[in-house]
Amino acid sequence: MELCKTDSQYITDQLIPYIGNKRKLLSLIQRAIEVTGVVDGTFYDAFSGSGVVARMAKTLGYRVIANDWEPYSYFMNTAFIMANRPPDFHALGGLDSAISHLNSLAPIRGYIATHYCPEDDEHYDADSERMFYTQENGRRIDAMREEIAAWKSSNLIDSGEEAVLLATLIFQAAYCSNTSGVFKGFHRGWGGATKTAWYRIRSVLTLKAPEFWDNGRDNLVLRADANLLAREVKCDIAYLDPPYNQHQYGSNYHLLNTVALWDKPHIAPTFEPRDEINGKSAIRRDWRTERRSLYCYKASAMESFSKLIADTQARFILISYSTDGIIPFEDMLEVLSGKGALSIVTQRYKRYRVSSQRPSLKSHNIEFVIVVNTEAPENKSDIQKVKHQVYAEYAGATELSNQEVMNVQIR
């Protein structure tokens, strides 16, 4: 297997700055893939998110199935995973022509500009006006999204062509936002007090044609609950990367879903801090009824994980998780050992946040990928081997001894 070029423009271009994004861990994941010995076949990314792992698998020559139930992820993956080459855009004179036309549109004050931007970019009221985008960029999003919708309804573009245009618009809607990455809030002022990332927040939102990669395969993109798909998707390698913590992706990235769906949920143009619907972030509520992840709750994460593993139809299962995750490490190993033989690859990773209650483990956690060979018999001794490897890695990342680490409940 050739090494994946993790700095390939196809992999890094138009990649949403995503919590849990595995871009910095691609080498770790490729090491896990190499453990399987599978050099051809189908790679299934069940929680594809930004799509970076699916993109990597595509460059390695696998047929890729990418799934995520968030609408923005579906369109991103349809563009980068399902499409092997630029769609024709016959009715619009080609992809470059379509992109150029969208960039040249006169801005309009539509849904985004009215509800998620201040009326005046230089004289705003941060106590009542949402500031997710500048008024200029909000109007550009409105104009482009309305035009894409009109093209689709007039049959000037098909679903694949729509996805390519939406993917680049969704990326720009993430890139130019006046946030630190998620949409649960925005900076008070452009970039906040320190004008963080002023260069992107105040830039003029401009679309660029995405990079494509032709792996010569009939790739597939799905949008469903990964647990419900588990029995339906048969593959050689299943890569499972469920949410680690309590933060729901549907609420974290709600505005990207609004751009993707363009259903314009009803909210007031200005906000009241204590109003749940018309509040500061105006988070769309469908995540609660349609995409509430059970992996984000301690009471349900383990049960959901156990069912997912039991139902997954793959020769090898790769589990990407963190020692800071909701599901306890040792409980996870017990579940996985019942599916087949275990091995693990690990990597130290600097924690995003430091817990004051755990000062001796403060600098790093351990990112790991557990490899389950479902064709090999269960061996309980694998659990101890895997635990010892992780404990040793943890000890190397902290001032604790190996024995002291073994006395800590790694999560």
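The largest cavity in this predicted model has a volume of about 40 Å³, where a cavity is a set of points, on a 1 Å grid over the protein atoms alone, at which a 1.4 Å probe fits but cannot get out, and a volume is the space filled by probe spheres set on the points, joined across faces, edges and corners. The structure holds 1 cavity of 30 Å³ or more. Tyr44, Ala46, Ala226, Ala230, Val233, Leu240, Leu308, Thr312 and Gln313 line the largest cavity, each having an atom within 4 Å of a point, and this lining divides into 7 nonpolar, 2 polar and no charged residues.

Turning to the packing, the largest nonpolar core, a set of buried (under 20% relative accessible area, 1.4 Å probe, protein chains only) Ala, Val, Leu, Ile, Met, Phe, Trp, Tyr and Cys residues joined through side-chain atoms within 4.5 Å, has 88 residues, of which Ile33, Ile112, Tyr133, Leu165, Ile170, Leu256 and Leu318 touch the most other members. Helix 8 (residues 159–175), a DSSP run of H or I with at least four residues, gives the most to this core, with 10 residues. A second, separate core of 35 residues includes Ile65, Tyr244, Val372 and Ile383.

The average pLDDT, the predictor's confidence in each residue from 0 to 100, is 90, and 91% of the residues score at least 70. Over residues 353–362, however, pLDDT stays under 50.

Residues are numbered from 1 along each chain as its sequence is written, and side-chain values use heavy atoms, without hydrogens and water. Local features need pLDDT of at least 70 and side-chain atom pairs count only at pLDDT 80 or more, whereas totals for chains, interfaces and linings use all residues.

Notes
1 Å grid on protein atoms, 1.4 Å probe; cavity = no way out; pocket = protein on both sides within 12 Å on 5 of 7 lines; lining within 4 Å. Nonpolar A, V, L, I, M, F, W, Y, C, P; charged D, E, K, R; others polar. Contact = heavy atoms within 4.5 Å. Buried < 20%, exposed > 50% of the residue type's maximum accessible area, 1.4 Å probe, protein only. Helix = DSSP H or I, 4+ residues; strand = E, 2+ residues; numbered from the N terminus.
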